[in-house]
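Me: I'm new to this structure and would like a close look at a single part of it. Could you take me through its main helix-forming stretch, step by step?

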Amino acid sequence: MASQSRRGGVSLPERRNPRSGGGGAASIISRISQSEIVSRGRQAAGDSAVVAKKLLKSTGKAAWIAGTTFLVLVVPLIIEMDREQQLNDLELQQASLLGTPPVGQK
């Protein structure tokens, strides 16, 4: 009866005779490692590892999508804006060498 667990209650292990000589550190460690708390802890650690793996996988996919979108859409825009700025600077430099007032100034 003592080996059967009851719902909602705490079952205590059977008392052993301390003079029997059985037990020791190995017995305590084996009882602890086979306890329900340890098995639930292992299960929780395994579940959290699965969740972390899925999260890293989806984060990697999102980073890949964001990186390729940046390369395809934003980098050409930056290059074109830089070219436009260089063209404006060149026109301003030529206008100042020729002595004509820059466009937009009076």
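Reply: Happy to; what follows is a walk along helix α2, with a little of its surroundings.

This is a predicted model, where local features need pLDDT of at least 70 and side-chain atom pairs count only at pLDDT 80 or more, while totals for chains, interfaces and linings use all residues. Residues are numbered from 1 along each chain as its sequence is written, and side-chain values use heavy atoms, with hydrogens and water left out.

The protein chain has two helices and zero strands; here helices (H or I, at least four residues) and strands (E, at least two) are DSSP runs, numbered from the N terminus. Of its 106 residues, 2% are buried, where buried means under 20% relative accessible area, exposed over 50%, and partly exposed in between (1.4 Å probe, protein chains only).

Helix α2 covers residues 36–98. Its 63 residues should span 93 Å at 1.5 Å a residue, and the 89 Å between its end C-alpha atoms agrees with that; the expected span is 1.5 Å times one less than the number of residues.

Let's start with R40 and E36, whose side chains meet in a salt bridge at 2.7 Å, N to O. The term means a side-chain nitrogen of Lys or Arg within 4 Å of a carboxyl oxygen of Asp or Glu. Side chains of opposite charge can pair when their charged atoms come close. R40 and E36 are separated by about one helical turn because they sit four residues apart in α2. R40 is exposed, at 57% relative accessible area. A search of the whole structure finds one salt bridge.

Further along, α2 has a kink of about 35° centred on L71; the bend at a residue is the angle between axes fitted to the seven residues ending there and the seven starting there. L71 also belongs to a nonpolar surface patch of about 570 Å², together with F70, V72, L73, V74 and I78. Such patches take residues with over 30% relative accessible area and no salt bridge, joining like charges within 9 Å and nonpolar side chains (Val, Leu, Ile, Met, Phe, Trp, Tyr) within 5 Å. Areas come from the Shrake-Rupley method with a 1.4 Å probe, and for residues only the protein chains shown count as cover. V74 counts as partly exposed, at 30% relative accessibility.

Finally, α2 is followed by G99, whose phi is positive, near 85°.
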